[in-house]
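Thanks, everyone. I have one model to walk through this morning. Let's put it up.

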Amino acid sequence: MTGLRLASSPRRSGGARTLPIVEVFGPTLQGEGPASGELSAFLRLGGCNLACTWCDSAYTWDGGRYDLRMEISHLSPLEILPLVPDVRNCVVTGGEPLLYQDRAEFVEVLQMMRARGQRIHVETNGTISPNPQVLDLVDLFVVSPKLAHARAQKSRTTPALHPGWREAREMAEVHLKVVVMSRDDVRETARLAQTFGWNPHRVWVMPEGTDIETLARRWPEVCDWAIEAGLNVSHRLHVLAWGDERGK
């Protein structure tokens, strides 16, 4: 398993034809959601339009706690591709990766990964719906709308699920994955899915927690609540294996 925090590398090109990259790592295992346990590489972009209090990747966007000039490197598509391990799945995550979907360099990176045979998974907070080009290139979207406990508002951004996902889920494989802390959170997730007409087989709830002790305490009750609501449940396998270590 390898991980690379790119800002520590001398390769920082900058300019308009670049993307803000925080880290690339793998081969590793996807720890969450419908692809849990699958061999994957991760490409993490900087920047987010939300500010969740329990965010486990705040180093991608929180300039109050992190020096983003040290965390983020600006790399061109031709610089990014060789850094991404060539394994079956590449998970494009953040931050919020769909902030960059209208930029040619974002599409170019996806196209190059598809050309070498990789499946592309995108993790998104659901506030932005994918444009047609990105929708065509991505094999799996995992959409994680934020509930009230995330206190996710940032500036004028609302954490509400974008209505465009109604159409997107008919054109691609799209799953909901919601972080929960209580039975009420699970019930709210079920109501959200019902409101959007989302197939419960593609809805997952996951306990909030970035350490083994917290997850062990919450896991049994979240399982009970998920069964009660007729939803899937996801653990955080990477935390069980490696704790809260970055690049794993």
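I'll start with the largest pocket. It is lined by 46 residues. Nearest its centre lie Arg 44, Asp 56, Ser 57, Gly 94 and Arg 236. Keep in mind that this is a predicted model.

How big is the volume of the largest pocket? About 820 Å³. Now the elements around it. Those that give two or more residues to the lining are β2 (19-29), β3 (39-45), β6 (119-124), β8 (173-180) and β9 (203-207). Which of them gives the largest share of the lining? That is β2, with three residues. As for chemistry, the lining divides into 17 nonpolar, 14 polar and 15 charged residues.

Two peptide bonds next. In general, most peptide bonds are trans. Here, a cis bond joins Gly 26 and Pro 27, with omega about -5°. Pro 27 lies in strand β2, and β2 is the strand with the largest share of the pocket lining. A second cis bond joins Gly 94 and Gly 95, with omega about 15°. Gly 94 is one of the residues nearest the pocket centre. Gly 95 sits in the loop between β5 (89-93) and α3.

On to the packing. In soluble globular proteins, nonpolar side chains tend to be buried together. In this model, the largest nonpolar core has 49 residues. Which residues make the most contacts inside it? Leu 43, Leu 110, Met 113, Phe 141, Trp 165 and Trp 198. Helix α3, residues 104-115, gives the most to this core: six residues. There is also a second, separate core of five residues. Cys 52, Ala 150, Val 179 and Met 206 are among them.

Back to the main core, and two of its residues. For every contact list from here on, residues up to four places away in sequence are not counted. Met 113 touches Leu 81, Val 84, Cys 90, Val 92, Gln 118 and Ile 120. Leu 110 lies in helix α3. Its contacts are Val 92, Ile 120, Val 134, Leu 137 and Val 138. So Val 92 and Ile 120 appear on the list for Met 113 and on the list for Leu 110. Is Leu 110 buried or exposed? Buried: its relative accessible area is 1%, and the cut-off for buried is under 20%.

Cys 90 is next. Its relative accessible area is 0%, so it is buried. Leu 110 is 20 residues away along the chain, and the two C-alpha atoms are separated by 9.5 Å. How many disulfides does the structure hold? Zero. Cys 90 is therefore in none, and the nearest cysteine sulfur, that of Cys 48, is 18 Å away, whereas a disulfide needs the sulfurs within 2.5 Å. Another cysteine, Cys 223, counts as buried at 17% relative accessibility.

Now a loop residue. Where does Ile 128 lie? In the loop between β6 and α4 (132-137). At 18% relative accessibility, Ile 128 counts as buried, because the limit is 20%. It touches Asn 49, Glu 96, Leu 98, Leu 99, Gln 101, His 162 and Trp 165. Trp 165 we have met already, among the residues with the most contacts inside the largest core. By contrast, Ile 128 and Leu 215 are 29 Å apart, C-alpha to C-alpha, with their positions 87 residues apart in sequence.

Three helix residues to finish. Thr 214 lies in helix α7, residues 212-229. At 13% relative accessibility, Thr 214 counts as buried. It touches Glu 208 and Gly 209.

His 238 lies in helix α8, residues 237-242. It also counts as buried, at 17%. What does His 238 touch? Gly 31, Glu 32, Gly 243 and Lys 248.

Last, Arg 191, in helix α6, residues 183-195. Buried or partly exposed? Partly exposed, at 48% relative accessibility; exposed would need over 50%. Arg 191 is 139 residues from Cys 52 in sequence, and their C-alpha atoms are 21 Å apart. Cys 52, remember, belongs to the second core.

That's the tour. Questions, please.

Note on methods:
Residues numbered from 1 in each chain as written. Predicted model: local features only at pLDDT ≥ 70, side-chain atom pairs only at ≥ 80, totals over all residues. Heavy atoms only, no water. Core = buried A, V, L, I, M, F, W, Y, C linked by side-chain atoms within 4.5 Å. Buried < 20%, exposed > 50% of the residue type's maximum accessible area, 1.4 Å probe, protein only. Helix = DSSP H or I, 4+ residues; strand = E, 2+ residues; numbered from the N terminus. Contact = heavy atoms within 4.5 Å. 1 Å grid on protein atoms, 1.4 Å probe; cavity = no way out; pocket = protein on both sides within 12 Å on 5 of 7 lines; lining within 4 Å. Points joined across faces, edges and corners; volume = space filled by probe spheres on them. Nonpolar A, V, L, I, M, F, W, Y, C, P; charged D, E, K, R; others polar.
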